[in-house]
Amino acid sequence: MNLALLPDIAVFVQVVESGSFSAAARKLGSTPSSVSRSVSRLERELGCKLLVRTTRKLRLSEAGSGVFQRAASMMD
C-alpha cells in the first residue's frame, strides 16, 4: 500500500463515521471541499468508487464497505 494514502484513508474513515463531508470537515478542522478531494483522490488511487453520493445522502458502495472495514481497523 502507498503510505502517502494514509491521510486520505483517515479522512475517508471520518466521513463514513460522521455521515457527511461537512461533519467530517468540522471534526477534522478542514473544509468540505478538502475532505471531498481527499476521498476522490483515494477513489482514484484505488480505482473504485467508495461512496455513492446524492444531493441528500451519502452511503458506502460495496467496495467502500470492504475498504472501510479494513481502514477502520487500521486506524484503531
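Me: What makes the pairing of the backbone nitrogen of Leu-51 with a polar atom of the side chain of Glu-43 a polar contact?

Reply: In this predicted model, the backbone nitrogen of Leu-51 lies 3.3 Å from a polar atom of the Glu-43 side chain, and since a polar contact calls for a pair of N or O atoms within 3.5 Å, the distance of 3.3 Å meets that limit.

Me: Why is Glu-43 called buried?

Reply: Glu-43, which has its place in helix H3, shows a relative accessible area of 4%; buried means under 20%, and Glu-43 is therefore buried. Setting aside residues up to four places away in sequence, Glu-43 touches Cys-48, Lys-49, Leu-50, Leu-51 and Arg-53.

Me: How do you know that Asp-8 is buried, and which residues is Asp-8 in contact with?

Reply: Asp-8 is found in helix H1, residues 6-18, and has a relative accessible area of 4%, which is under the 20% that bounds the buried class, so the residue is counted as buried. When neighbours within four places in sequence are left aside, Asp-8 is in contact with Ser-38, Arg-41 and Leu-42.

Me: Why is Gln-14 classed as it is, buried or partly exposed?

Reply: The relative accessibility of Gln-14 is 17%, and because buried means under 20%, Gln-14 counts as buried. Gln-14 also belongs to helix H1, and beyond four places in sequence it touches Ala-24, Lys-27 and Leu-28.

Me: Why does Val-16 count as partly exposed?

Reply: Val-16, again a residue of helix H1, has a relative accessibility of 23%; as buried means under 20% and exposed means over 50%, that value falls in between, and Val-16 is therefore partly exposed. Outside a range of four places in sequence, Val-16 touches Leu-51, Leu-60 and Phe-68, and its C-alpha is 8.8 Å from that of Leu-51, although the two are 35 residues apart in sequence.

Me: What makes H1 roughly perpendicular to H4?

Reply: The axes of H1 and H4 come within 9 Å and cross at roughly 110°. Angles of 65 to 115 degrees count as roughly perpendicular, so H1 is roughly perpendicular to H4. On the H1 side the contact is made by Leu-6, Ile-9, Ala-10, Phe-12, Val-13, Val-16 and Glu-17, and on the H4 side by Gly-64, Val-67, Phe-68, Ala-71, Ala-72, Met-74 and Met-75. These residues divide into 12 nonpolar, 1 polar and 1 charged.

Me: Why is H2 called roughly perpendicular to H3?

Reply: Helix H2, residues 21-28, and helix H3, residues 32-46, have axes that come within 8 Å and cross at roughly 105°, and because this angle lies in the range of 65 to 115 degrees, H2 is roughly perpendicular to H3. Phe-21, Ser-22, Ala-24, Ala-25 and Leu-28 of H2 meet Pro-32, Val-35, Ser-36 and Val-39 of H3, and the residues of this contact divide into 7 nonpolar, 2 polar and no charged.

Me: How do you know that Ser-20 caps the N-terminal end of H2?

Reply: A side-chain oxygen of Ser-20 lies 3.0 Å from the backbone nitrogen of Ala-23, a distance within the 3.5 Å limit for a polar contact. H2 is followed by Gly-29, whose phi is positive, near 70°. The buried residues of H2 are Phe-21, Ala-23, Ala-24 and Ala-25, and they pack against H1, H3, strand S1 (51-53) and strand S2 (58-60).

Me: Which residues have the most contacts inside the largest nonpolar core?

Reply: The largest nonpolar core has 18 residues, and those with the most contacts inside it are Phe-12, Val-15, Val-35 and Leu-51. Two or more residues are given to this core by each of H1, H2, H3 and helix H4 (62-75), and the largest share, 5 residues, comes from H1. Leu-51 touches, among others more than four places away in sequence, Phe-12, Val-15, Phe-21 and Val-39.

Me: Why is Gly-66 counted as buried?

Reply: Gly-66, in helix H4, has a relative accessibility of 19%, and as the cut-off is under 20%, Gly-66 is therefore buried. Its C-alpha is separated by 13 Å from that of Ile-9, 57 residues apart along the chain.

Note on methods. Residues numbered from 1 in each chain as written. Predicted model: local features only at pLDDT ≥ 70, side-chain atom pairs only at ≥ 80, totals over all residues. Heavy atoms only, no water. Axes fitted to C-alpha atoms, helices over the stretch in contact; angles between N-to-C directions. Helix = DSSP H or I, 4+ residues; strand = E, 2+ residues; numbered from the N terminus. Parallel < 35°, antiparallel > 145°, perpendicular 65-115°, else oblique. Contact = heavy atoms within 4.5 Å. Nonpolar A, V, L, I, M, F, W, Y, C, P; charged D, E, K, R; others polar. Buried < 20%, exposed > 50% of the residue type's maximum accessible area, 1.4 Å probe, protein only. Core = buried A, V, L, I, M, F, W, Y, C linked by side-chain atoms within 4.5 Å. Polar contact = N/O pair within 3.5 Å; in protein donor to acceptor, adjacent residues only side chain to side chain.
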